[in-house]
Amino acid sequence: MRRVRYEKNGGPEVLFVEQAPEPEPGPGELLVRCEAIGVTLPAVRKVREGKEPAPLGGEVAGTVVALGPGTSGFAVGDRVTGLAFAGGYAELAVVHRATASHVPAYATAVDAVALVRSGLVARGAHRAGRPVAGESVLVTAAASAVGGLALQYARNGGASRVVAAVGDPAKADFVRGLGADEVVVYGDASWGEPVDVVLDGVGGALLAPAVRALAPGGRLVAFSSGGGSVDAFELLVRSASVIGFQMAAIARDQPERYARWREEQWEAFRSGVLRAPVHVVLPLADVARAHALVEGRVNCGKVVLVP
Ligand SMILES: NC(=O)c1ccc[n+]([C@@H]2O[C@H](COP(=O)([O-])OP(=O)(O)OC[C@H]3O[C@@H](n4cnc5c(N)ncnc54)[C@H](OP(=O)(O)O)[C@@H]3O)[C@@H](O)[C@H]2O)c1
């Protein structure tokens, strides 16, 4: 089977496709023939910033072709999606059943990788901000896969005003189409009227203006892999708070809640209340181009690879 690998850290050009032995599913695992593979910012950063090469992956969707010993709840031939961090950029990927779920008949594999994980992160981050209907919400990295879904959760959750913050004004039409009332660009001198909730998917140096965008009593949800520091004085003068959010913790510690959210999210997708925007679908051989799109910060929605 074909898989993506790299031998030294660097830019997208270090990625190449090679032949590799088929992986074997262990206890509790499914072997999935991938029909869609999501490219995520954490994976792109791993290639660029990691200390040494490591297996690449993220969300995948496809058909179950084998089950590991004692794996229940799934059968060969099932259409599934799940997480394959250790080897997901491949024709065949091993997915642990704890992260796997069925893909409904009305959805494609591309829909599944664009919606499930990104949408659950967006939903979880939105809820972590404890938004009350009528409050205002600002989303950074608003055109990313997670950000585009977060805008919709804010809009559908009754926000009085939804502000999209992006790195490039060329993304304005895209984020307005997902429910943003206003669009700000990171470097703008003002981000407009203060907001009650910020959902931050960028971190780093952007945390300072993101905190300054908060109204008194505001909440900033930090869910990015970008790290960064917050000036406590800026919180004090606003009586504001910062809340960390990691979806993996909910999936691990509250599996029933995670499954319920996933079902509700599919229902919202089926009824058209929620869209899962896709920037582009590329063949696996174009993996370097896929990473370059995300690293170059030009994508509007999910970047997807198809083996
Ligand atoms: N907490 C969790 O459980 C969890 C899970 C998954 C993902 N996340 C986070 O959610 C955020 C969005 O991820 P995603 O997979 O949805 O992204 P994505 O679809 O791959 O979108 C990438 C976009 O993110 C923005 N961005 C922010 N910081 C960036 C950076 N350092 N380098 C390049 N682009 C950057 C860029 O848009 P702009 O230039 O317009 O900002 C870029 O176009 C990431 O910070 C990721 O770490 C969190």
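Visitor: Which helix gives the most to the shell around the ligand?

Guide: α1 does, with three residues. Note that this is a predicted model.

Visitor: Which helices each supply at least two residues of that shell?

Guide: They are α1 (41-49), α2 (109-128) and α3 (145-156).

Visitor: How many residues surround the ligand, and which are the closest?

Guide: The count is 25. Tyr186, Gly201, Met247, Arg297 and Asn299 are the closest. A residue belongs here if one of its heavy atoms lies within 4 Å of the ligand.

Visitor: How do the residues of the shell divide by type?

Guide: There are 13 nonpolar, eight polar and four charged residues.

Visitor: Why is the ligand said to lie between domain 1 and domain 2?

Guide: Domain 1 (2-103 + 277-306) gives residues to the shell, and domain 2 (118-247) does too. Both contribute, so the ligand lies between them.

Visitor: What makes the pair formed by Tyr186 and the ligand a polar contact?

Guide: An N or O atom in the Tyr186 side chain is 2.4 Å from an oxygen atom of the ligand. The limit for such a pair is 3.5 Å. The pair of Tyr186 and the ligand is therefore a polar contact.

Visitor: What distance separates Arg297 from the ligand, and what separates Val146 from it?

Guide: For Arg297, a polar side-chain atom lies 2.7 Å from a ligand oxygen. For Val146, a backbone N or O atom lies 2.9 Å from a ligand oxygen. The cut-off is again 3.5 Å, so both pairs count.

Visitor: How much of the ligand does the protein bury?

Guide: Taken alone, the ligand exposes 900 Å². The protein buries 92% of that.

Visitor: Which residues of the largest nonpolar core touch the most other members?

Guide: Leu151, Val175, Leu199, Phe245 and Met247 do, in a core of 51 residues. Met247 is also listed among the closest residues to the ligand.

Visitor: Which element gives the most to this core?

Guide: α2 does, with 12 residues. Elements that each supply at least two residues include β8 (136-139), β9 (161-166), β11 (195-200), α7 (247-253) and α8 (255-270). The core also draws at least three residues from each of domain 1 and domain 2.

Visitor: Why is Val166 called buried?

Guide: Val166 has a relative accessible area of 2%. Buried means under 20%. Val166 is therefore buried. Val166 lies in strand β9. Its C-alpha atom is 7.5 Å from that of Val183, 17 residues apart along the chain.

Visitor: What relative accessible area does Ile37 have, and where does Ile37 lie?

Guide: The value is 0%, against a limit of 20%, so Ile37 is buried. Ile37 lies in strand β3 (residues 29-39). The C-alpha atoms of Ile37 and Ala90 are 8.4 Å apart, with their positions 53 residues apart along the chain.

Visitor: How do you know whether Glu18 is buried or exposed?

Guide: Glu18 has 17% relative accessibility. That is under 20%, so Glu18 counts as buried. Glu18 sits in strand β2 (residues 16-19).

Visitor: Which side chains make polar contacts with the side chain of Glu18?

Guide: One is Arg3, at 2.7 Å. Another is Arg5, also at 2.7 Å.

Visitor: Why is Ala86 called exposed?

Guide: Ala86 reaches 69% relative accessibility. Exposed means over 50%, so Ala86 qualifies. Ala86 is found in the loop between β5 (79-84) and β6 (92-96). The C-alpha atoms of Ala86 and Asp200 are separated by 27 Å.

Visitor: What makes Arg127 partly exposed?

Guide: Its relative accessibility is 41%. That falls between 20% and 50%, so Arg127 is partly exposed. Arg127 is found in helix α2. Between the C-alpha atoms of Arg127 and Tyr153 there are 9.1 Å.

Visitor: What is the phi of Ala141, and where is the place of this residue?

Guide: Phi is about 50 degrees, positive although Ala141 is not a glycine. Ala141 is in the loop between β8 and α3. At 17% relative accessibility, under the 20% limit, Ala141 counts as buried.

Visitor: What is the phi of Arg130, and in which loop does Arg130 lie?

Guide: Phi is near 45 degrees, a positive value in a residue other than glycine. Arg130 lies in the loop between α2 and β8.

Note on methods
Residues are numbered from 1 along each chain as its sequence is written. This is a predicted model: local features need pLDDT of at least 70, side-chain atom pairs count only at pLDDT 80 or more; totals for chains, interfaces and linings use all residues. Side-chain values use heavy atoms; hydrogens and water are left out. A polar contact is a pair of N or O atoms within 3.5 Å; within protein, one must be able to donate a hydrogen and the other to accept it, and residues adjacent in sequence count only if both atoms are side-chain atoms. Accessible areas come from the Shrake-Rupley method with a 1.4 Å probe; for residues, only the protein chains shown count as cover. Helices (H or I, at least four residues) and strands (E, at least two) are DSSP runs, numbered from the N terminus. Ala, Val, Leu, Ile, Met, Phe, Trp, Tyr, Cys and Pro count as nonpolar, Asp, Glu, Lys and Arg as charged, and the others, Gly among them, as polar. Domain bounds come from an automatic or database domain assignment. A nonpolar core is a set of buried Ala, Val, Leu, Ile, Met, Phe, Trp, Tyr and Cys residues joined through side-chain atoms within 4.5 Å. Buried means under 20% relative accessible area, exposed over 50%, partly exposed in between (1.4 Å probe, protein chains only).
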